[in-house]
Amino acid sequence: MRSLSGFEQKLGSGITVVYGPNGCGKTTILEAIHLLAQGFSFRAKDLKEVISWKCDEMILRGHFEDNGMERNRGIRVHRRGAEVRENGESLKSAAALFGSCPAVIMQPSDIELLRGAPDVRRHWLDEILCYRSAANGAVLRRYKRVLQQRNQWLKQYKKAAQDRRNGLSAAEVVGGEDLFKILTEQLIDLGAKLWSARLTLTEEMSPIITGYYRKLSGGVDEITCAYKSSILKELDALDGAEFLDGEELDEVSPAEPQDEIVSEESLREAFARKLAGLEYVEKLQGMTMAGPHRDDLAVCIGGYEMRSVGSQGQCRSAALAMRFAAVDVASRYLSKPILLLDDIFAELDVNRRNAVADLIREKECQVVIATPQKEDLPFTADAEVQLSL
C-alpha cells in the first residue's frame with residue numbers, strides 16, 4: 001500500500017506511537033487502519049490511488065476486537081476494482097464496512113473544516129450522521145442518487161431546449177414532465193428527512209463542540225455552531241449554542257429525547273415551495289439549485305464565521321473540538337472509535353498540546369499517533385513502532 005510493502009503490526013488497546021523520518025509510511029499506516037475501519041480513505045477519493053505505483057494491486061488485512069466481537073476484514077484493490085471481505089463473506093464494496101468499527105482521524109489539514117468550502121463541512125456532518133443511525137446513511141445515499149438523476153434530467157432538458165432538431169418538445173426528448181415531477185417529489189421527501197436528521201445532529205453537537213473549544217482555548221474566547229440552509233431563514237448562523245462548562249460537558253447525553261426543531265412536514269412544504277419557485281431557473285441552468293447538498297455548517301466566533309475571521313490557532317482548536325465531538329457521537333451510538341492522530345502536535349502551542357493530551361487520555365480509546373519525533377509528544381506512549389526509509 002503506497003510506500004509500505006509487507007508491513008504487519010499488532011496494535012494494543014492503549015496509545016501506540018509510530019515514528020520515523022518523513023516519507024517512511026507513517027501516515028500510510030493510519031490510512032490503512034482508517035480504510036479497514038471506515039471503508040474509505042481520508043487521503044484518496046478512488047481506492048486505486050492507494051496502490052503503489054510499482055504494483056498492480058494492494059492487499060490489506062485487519063483483525064478487530066470490540067466487546068467480544070471479532071471482525072476479520074480484507075480489501076484487495078486492483079486496476080479493475082476492489083474485492084472486500086469480512087469474516088469470510090464478500091461485501092459489495094468497501095463502503096459496506098462503515099458503521100461497526102468507527103475511527104476518527106485528526107490531521108493538520110483539518111483546518112479545512114473551518115477554512116474550506118461548505119462541502120468539506122457537509123461531508124464531516126454526514127459522516128457523523130451515519131454514526132447515529134444506519135437509516136441516516138440510507139437516506140443520504142438515496143438523496144444523492146435521486147439528486148444525480150434529477151440533475152441529469154435537467155441537463156438533458158437544457159440541451160434539448162437549445163437544439164430541437166426533431167421538432168419535439170424538450171420534455172418529450174428526455175422522457176416527459178412526469179419523470180421530472182416524480183424525481184422532484186422524491187427529492188423533496190428525502191431532503192426533508194435529511195434536513196431533519198442534520199438539524200437534530202447539529203443541535204446535539206453544538207454545545208459539545210463549544211465545550212471542547214473552551215477547554216482547548218483555555219476559555220479565552222467562545223465559538224458557536226448553527227446549521228445554515230436557504231430553506232430555513234429562521235435558523236440564523238449567529239444563533240449560538242448554549243455554553244457548557246467542563247462538568248456539564250461530561251453530563252451531556254445525546255441519547256435523551258430531544259424536542260423537534262422544525263417538523264419534517266414543515267421542511268417538506270418549504271422545500272416544495274422553494275423548488276417550485278426555482279423550476280424555470282433550474283431548467284435554464286440544467287441543475288438543482290436548492291437542497292441539503294447546498295447547505296453549510298456555520299462555526300462562528302464573536303458573531304462572525306471563523307472561515308473569515310478566525311486565526312490559525314483558533315481554527316485549529318475549533319477543528320480539534322469538532323473531531324473530539326465526533327469521538328463522543330461514535331462512542332455513544334456505536335462503540336469507542338480508534339483515534340488516529342497524524343502529526344497534529346507540531347502545529348499547536350504548549351497549552352493546546354497539553355489540553356489535547358488530557359482529552360486523549362480522558363477518552364480511553366485505542367490511539368495510534370504518527371509523528372517524526374516521539375520526544376515531541378506531551379505524554380508517554382504504551383507502545384512504539386519505529387519506521388525507516
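These are my notebook entries on a predicted model of one protein chain.

**Entry 1. The chain as a whole**

I began with the secondary structure and found 11 helices and 12 strands in the protein chain. I then looked up burial: 50% of the 389 residues count as buried. I also checked how far apart along the chain the contacting residues sit. Of the contacts in the protein chain with a separation of 6 or more, 74% are between residues 24 or more positions apart.

**Entry 2. The sheet of S2 to S5**

I turned to the strands next. In which order do the 4 strands of this open sheet lie? The order is S2-S3-S4-S5, and the pairing is antiparallel. As general background, I noted that strands of a sheet pair through backbone hydrogen bonds, either parallel or antiparallel.

Which strands stand at the edges? They are S2, residues 57-66, and S5; each has a single partner strand, so one side of each is left without a neighbour in the sheet. I looked up the twist of this sheet as well, and it averages 20° from one strand to the next.

I went through the pairs in turn. Strand S3 covers residues 69-78 and strand S4 covers residues 81-86, and 6 bridges pair them in the antiparallel sense. The two form a hairpin with 2 residues between them. Within this pair I found Arg 76 opposite Glu 83 of S4.

S4 is also joined to strand S5, residues 89-91, by 3 bridges, again running antiparallel. Here I noted two facing pairs: Arg 85 stands opposite Ser 90 of S5, and Glu 86 stands opposite Glu 89 of S5. S4 and S5 make a hairpin too, with 2 residues between the strands. In that hairpin, Asn 87 takes a positive phi near 50°.

I then asked what lies across S2 and S3. Helix H1, residues 26-38, does, and it runs at about 70° to S2.

**Entry 3. The sheet of S7 to S9**

I looked up another open sheet, this one of 3 strands in the order S7-S8-S9 with antiparallel pairing. Its edges are S7 (223-228) and S9 (304-305); each of these has a single partner strand, so one side of each is left without a neighbour in the sheet.

How many bridges join S8 to S9? There are 2, and S8 covers residues 296-301. For Cys 300, the bridge partner in S9 is Glu 305.

A helix lies across strands of this sheet as well. H6, residues 177-217, lies across S7 and S8, and its direction is at about 170° to S7.

**Entry 4. Helix H6 and its neighbours**

I stayed with H6 and picked out one residue in it, Glu 203. At 38% relative accessibility, Glu 203 counts as partly exposed, because that value is neither under 20% nor over 50%. I also looked up its distance to Cys 225, which is 22 residues away along the chain; the C-alpha atoms of the two are separated by 8.6 Å.

Next I looked at H6 against helix H4, residues 134-162. Their axes come within 9 Å and cross at roughly 145°. The crossing is left-handed. From H4, the residues that make the contact include Val 139, Tyr 143, Leu 147, Arg 150 and Trp 153. From H6, they include Phe 180, Leu 183, Leu 187, Leu 190 and Leu 194. Sorted by class, the contact of H4 with H6 has 15 nonpolar, 5 polar and 4 charged residues.

**Entry 5. Helices H3 and H10**

My last look was at another helix pair. How far apart are the axes of H3 and H10? They are 8 Å apart, and the helices pack at an angle of about 20°. That angle makes H3 roughly parallel to H10, because angles under 35 degrees count as such. H3 covers residues 118-132 and H10 covers residues 312-333. I noted that H3 passes H10 in a left-handed crossing.

On the H3 side, the contact is made by Trp 124, Ile 128, Tyr 131 and Arg 132. On the H10 side, it is made by Met 322, Arg 323, Ala 326, Val 329, Ala 330 and Tyr 333. By class, I recorded 8 nonpolar, no polar and 2 charged residues for this contact.

Definitions and conventions:
Residues numbered from 1 in each chain as written. Predicted model: local features only at pLDDT ≥ 70, side-chain atom pairs only at ≥ 80, totals over all residues. Heavy atoms only, no water. Axes fitted to C-alpha atoms, helices over the stretch in contact; angles between N-to-C directions. Parallel < 35°, antiparallel > 145°, perpendicular 65-115°, else oblique. Left-handed = near helix turned anticlockwise from the far one by under 90°. Contact = heavy atoms within 4.5 Å. Nonpolar A, V, L, I, M, F, W, Y, C, P; charged D, E, K, R; others polar. Pairing = 2+ DSSP bridges. Buried < 20%, exposed > 50% of the residue type's maximum accessible area, 1.4 Å probe, protein only.
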